[in-house]
Amino acid sequence: MNRNKTILLGNSVNLLTNNNKKSYEKLILNLCSKYSCDKHSLIYKDLNKPLPLLYEELLHTAIKCNNNKDVIKNIKADLIEELNQIGINDYHKQYMELGIKNIFTSNYDYNLEKSISGKPINENILRENKFSLFRRKKINNSYIWHIHGEINNENSLVLGYDNYVSYLSEMKKYLSSASVTHKERIRSPYNFKNFDRNFDKTDNKIKYSWTDLFFRDDVHIVGLKLDYSEIDLWWLIATKGYKKLINPQTKNRYGETIVHYFKEKNNSNSDMAKISMLKSFGVDIREYNIEREDDYKFNHDKILKEIKI
């Protein structure tokens with residue numbers, strides 16, 4: 001069967017930009033220094049803290065120190081300012097030029113859209129104020145889905161644990177039964193009695209979300225740490241594997257999940273635990289060793305060639 005190919009890109013591609021060494025964890029830790037105070041103690045800086053919980057810690061501390069819940073708006077504004085300063089690089093362009101119809105990204109910025117000529121157009125399946133199940137932009141022949149929100153709509157940003165839990169709840173509701181959006185009851189194509197794997201064809205006029213594409217397509221996950229706190233992605237990966245496992249008759253409705261996994265030096269136990277878990281969900285793991293800084297570019301070059309084939 002000739003299945004669709006889709007990419008999910010993480011922050012690793014942003015880190016390939018010259019002089020950009022700021023992971024999302026480092027960006028949040030910088031804000032921790034700005035918004036904490038002596039009275040309520042400085043936030044213990046540790047890059048091993050799960051990012052969504054670190055963000056919640058930042059919000060709690062900032063509100064205590066400033067005695068004002070409106071400080072949350074200032075934190076988001078500062079974060080968006082930092083994200084806007086991350087420049088594009090040639091790898092953004094190379095991934096965009098693979099000719100893949102749907103590109104998912106957990107990044108909040110628009111570096112993918114900026115990397116090629118053409119004007120991005122909002123072509124959302126449905127209008128959303130908070131969540132990003134149906135939110136997408138079209139540029140040339142590709143759709144970019146900012147699955148964790150985008151900086152031009154700060155309400156859509158999935159940052160804290162509360163955001164992840166709410167998002168997963170909406171996602172599960174949509175995929176398991178029906179989702180009510182703007183008084184319109186929307187059902188996933190996977191809930192139709194007669195499943196049509198070409199649900200995204202223009203003439204079908206079937207409404208769908210990026211999660212439906214995640215299930216159907218062969219999804220290449222690239223440059224994403226897959227932190228355990230990213231519960232929406234872990235739930236999708238596990239559910240996709242489970243659906244293929246329990247019902248062989250409908251197995252061909254689901255594509256493969258391929259994780260291009262960067263194994264960093266001195267992180268073997270953590271890597272092995274995560275790889276073991278992913279494999280149990282039926283994920284195809286492709287490992288790339290990272291021993292020095294240049295290995296990231298070298299391995300992205302290899303991945304681009306693999307996906308292009």
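Select Asp212 to start: this residue is buried yet has no salt bridge. Its nearest side chain of opposite charge is Arg216, 9.3 Å away. Buried here means under 20% relative accessible area, exposed means over 50%, and partly exposed lies in between (1.4 Å probe, protein chains only). A salt bridge is a side-chain nitrogen of Lys or Arg within 4 Å of a carboxyl oxygen of Asp or Glu. For charge, Lys and Arg count as positive, Asp and Glu as negative; His and the chain ends are not counted.

The model is predicted: local features need pLDDT of at least 70, side-chain atom pairs count only at pLDDT 80 or more, and totals for chains, interfaces and linings use all residues. Residues are numbered from 1 along each chain as its sequence is written, and side-chain values use heavy atoms, with hydrogens and water left out.

**Around Asp212**

Colour helix 7, residues 210-216; Asp212 sits in it. Helices (H or I, at least four residues) and strands (E, at least two) are DSSP runs, numbered from the N terminus. Now show what touches Asp212, leaving aside its neighbours within four places in sequence. The contacts are Tyr174, Leu175, Ser188, Pro189, Tyr190 and Phe199. Contact means heavy atoms within 4.5 Å.

**Arg216 and its partners**

Stay in helix 7 and select Arg216. Which side chain does Arg216 meet in a salt bridge? It is Asp200, at 2.7 Å from N to O. Asp200 is in the loop between strand 7 (184-186) and helix 7, 16 residues from Arg216 in sequence. Arg216 has a relative accessible area of 1%, so it counts as buried. Asp200 is buried too, at 8%. Add Lys101 and Asp217 to the selection: with Asp200 and Arg216 they are linked in a network of salt bridges.

**Glu150 and Arg135**

Next, select Glu150 and Arg135. Their salt bridge has its closest N and O atoms 3.8 Å apart. The pair links distant parts of the chain, 15 residues apart. Glu150 is in the loop between strand 5 (142-146) and helix 6 (161-176). Arg135 is in the loop between strand 3 (121-122) and strand 4 (137-139). Buried or exposed? Glu150 counts as buried because its relative accessibility is 6%. Arg135 is buried, with a relative accessible area of 6%.

**Glu287 and Lys263**

Move on to Glu287. Its side chain meets that of Lys263 in a salt bridge, 3.2 Å from N to O. Glu287 lies in strand 10 (residues 284-290) and Lys263 in strand 9 (residues 257-264), so the pair ties together parts 24 residues apart in sequence. Glu287 is partly exposed, at 40% relative accessible area. By the salt-bridge rule, the count comes to 13.

**Ser276**

Select Ser276 in helix 9, residues 268-280. At 47% relative accessibility, Ser276 counts as partly exposed. Add Ile7 and draw the C-alpha to C-alpha distance: 22 Å, across 269 residues of sequence.

**Zoom out**

Show the whole protein chain. The secondary structure comes to ten helices and ten strands. The C-alpha trace spans about 60 × 50 × 40 Å along its principal axes. How many of the 309 residues count as buried? The share is 52%. Of the contacts with a separation of 6 or more, 65% are between residues 24 or more positions apart.
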